[in-house]
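Please open the structure in a viewer and keep the selection tool at hand. The tour goes from stop to stop, saying what to select and what is there.

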Amino acid sequence: MTRIRLEYHGHVAYITFDHPPANTWTLASLQAFLQMMVELESRPDVVALVIRGAGDKFFCAGADLKMFADGDLDHAREVAEAFGRAFEALADFHGVSIAAINGYAMGGGLEVALACDIRIAEQQAMLGLPEASVGLLPCAGGTQRLTELVGPGWAKRMILCGEKVNATLAYEMRLVEEVVKTGHAWDAAHQMAQLVERQSPSALHACKRLINQGRCGPRDGALPLERHMFLKLFENANQREGVAAFLEKRPPCWQYEVSAKQGDDA
């Protein structure tokens with residue numbers, strides 16, 4: 001039993017970790033998560049994804065350490081590669097991904113949140129990458145994505161010293177974008193996803209690609225691409241619909257049959 005489920009409401013998808021007591025990752029759940037991301041990538045009508053943990057204590061406590069108890073190198077390699085494929089697929093998702101962190105987010109639980117575009121944490125949440133304390137290291141993007149968000153100093157404190165941070169400090173560090181009251185992460189993420197639904201799906205994909213391009217490449221290369229992709233949007237019906245709807249003071253009627261990879265020929 002994979003203990004992970006995917007649901008759709010309108011143009012928003014919801015993935016819920018439901019593996020009591022701590023919503024830990026197993027090889028089966030990682031493989032199921034990857035298949036969910038493959039499915040989502042094939043659906044341009046889905047513009048937002050919310051990820052949450054079942055229950056009121058854990059978002060996700062990371063990998064089930066029973067997977068590594070026997071020290072089997074081949075199995076460890078299989079799990080590490082499954083983590084990488086799953087979370088890279090999440091990071092590459094064409095829509096907006098939102099982590100609703102409703103409790104402890106540790107190890108691979110924090111790493112899945114790091115692979116999202118936006119993180120919302122409840123006030124009681126605790127976040128950490130404690131892998132070194134059990135002789136391991138964050139292998140699902142944690143060393144890289146955490147450093148990018150909070151800088152090397154805090155990344156070293158959390159990874160090398162094993163420091164856990166509460167939601168308030170995580171916000172001050174820019175590890176999360178919003179802190180909400182206990183029990184409200186789901187509502188806040190849902191409301192944010194509804195805001196995403198109002199945007200042109202064509203423009204959303206182009207904007208996300210440009211933001212990510214600017215993070216991993218020189219600005220001199222990203223600025224000409226920004227202008228190029230602006231003009232590419234004029235080849236899409238959503239540009240005309242968006243402007244017309246604004247001028248006519250009505251909600252736009254977006255088209256979702258466009259390829260989720262629009263603009264990749266730039």
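Where is the place of Arg-174? Select Arg-174 and look along the chain: this residue is in the loop between α5 (167-172) and β10. Keep in mind throughout that this is a predicted model.

**Stop 1: residues with a positive phi**

Stay on Arg-174. Its phi is positive, about 70 degrees, although Arg-174 is not a glycine. Most residues other than glycine have a negative phi. Arg-174 is exposed, with a relative accessible area of 65%.

Now select Lys-249, in the segment after α9 (237-247). Lys-249 is also not a glycine, and its phi is positive, near 55 degrees. Is Lys-249 buried or exposed? With a relative accessible area of 78%, Lys-249 is exposed.

**Stop 2: a cis peptide bond**

Select Pro-20 and Pro-21 together. The peptide bond from Pro-20 to Pro-21 is cis, and its omega is near 5 degrees. Most peptide bonds are trans. Pro-21 belongs to the loop between β2 (12-17) and α1 (27-41).

**Stop 3: the sheet of 6 strands**

From that loop, move to the strands. Colour β1, β2, β3, β5, β7 and β10: in that order they form an open sheet of 6 strands with mixed pairing. At the edges are β1 (4-9) and β10 (178-180), each of which pairs on one side only. From one strand to the next, the twist averages 20 degrees.

Next select strand β3 (residues 48-53). How many of the 6 residues of strand β3 are buried? The number is 5, so strand β3 is largely enclosed by the rest of the structure. The cut-off for buried is under 20% relative accessible area.

Add β2 to the selection. β2 and β3 are parallel and pair over 6 bridges. Within this pairing, Ala-13 has Leu-49 in β3 as its bridge partner. Show α1 as well: β2, α1 and β3 together make a β-α-β unit, which is right-handed.

Then add strand β5 (residues 96-101). Its pairing with β3 is parallel and has 5 bridges. Leu-49 stands opposite Ser-97 in β5. Leu-49 is thus a useful residue to label, with Ala-13 as a bridge partner and Ser-97 in β5 opposite.

Finish at the β10 edge. Strand β7 (residues 118-122) runs parallel to β10 and is joined to it by 3 bridges. Label Glu-122 and Val-180 here, since Glu-122 stands opposite Val-180 in β10.

**Stop 4: the sheet of 4 strands**

Hide those strands and show β4, β6, β8 and β9. They make an open sheet of 4 strands in that order, with mixed pairing. The edge strands are β4 (58-60) and β9 (165-166), and each pairs on one side only. Select β4 with strand β6 (residues 104-106): the two run parallel and are joined by 2 bridges. Cys-60 has Ala-105 in β6 as its bridge partner.

**Stop 5: the largest pocket**

Turn on a surface. The largest pocket holds about 900 Å³ of space. To find its centre, select Ala-91, Asp-117, Lys-208, Asn-212 and Arg-215, the closest to the centre of the 30 residues that line this pocket. Which element gives the most to the lining of the largest pocket? It is α7, with 10 residues. α2 (73-91), β7, α4 (142-160) and α7 (201-216) each supply at least two residues of this lining. By class, the lining has 13 nonpolar, 6 polar and 11 charged residues.

**Stop 6: the second largest pocket**

The second largest pocket has a volume of about 380 Å³. Its lining has 21 residues, and Ala-63, Leu-65, Phe-68, Glu-131 and Leu-136 are the closest to the centre. Among the elements to show here are α2 and α3 (108-114), each of which supplies at least two residues of the lining. α2 gives the most, with 3 residues. The lining divides into 15 nonpolar, 4 polar and 2 charged residues.

**Stop 7: a cavity**

The structure holds 3 cavities of 30 Å³ or more. The second largest cavity has a volume of about 50 Å³. Select Arg-3, Phe-17, His-19, Thr-24 and Ser-29, the closest to its centre of the 10 residues that line it. This lining has 3 nonpolar, 5 polar and 2 charged residues.

Technical notes
Residues are numbered from 1 along each chain as its sequence is written. This is a predicted model: local features need pLDDT of at least 70, side-chain atom pairs count only at pLDDT 80 or more; totals for chains, interfaces and linings use all residues. Side-chain values use heavy atoms; hydrogens and water are left out. Two strands pair if DSSP finds at least two bridges between them. Axes are lines fitted to C-alpha atoms, for helices over the stretch in contact, and angles run from 0 to 180 degrees between N-to-C directions. On a 1 Å grid over the protein atoms alone, a cavity is a set of points where a 1.4 Å probe fits but cannot get out, and a pocket is an open set with protein on both sides within 12 Å along at least five of seven lines; lining residues have an atom within 4 Å of a point. Grid points are joined across faces, edges and corners, and a volume is the space filled by probe spheres set on the points. Ala, Val, Leu, Ile, Met, Phe, Trp, Tyr, Cys and Pro count as nonpolar, Asp, Glu, Lys and Arg as charged, and the others, Gly among them, as polar. Buried means under 20% relative accessible area, exposed over 50%, partly exposed in between (1.4 Å probe, protein chains only). A crossover is right-handed if, with the strands pointing away from the viewer, the path from the first strand over the helix to the second runs clockwise.
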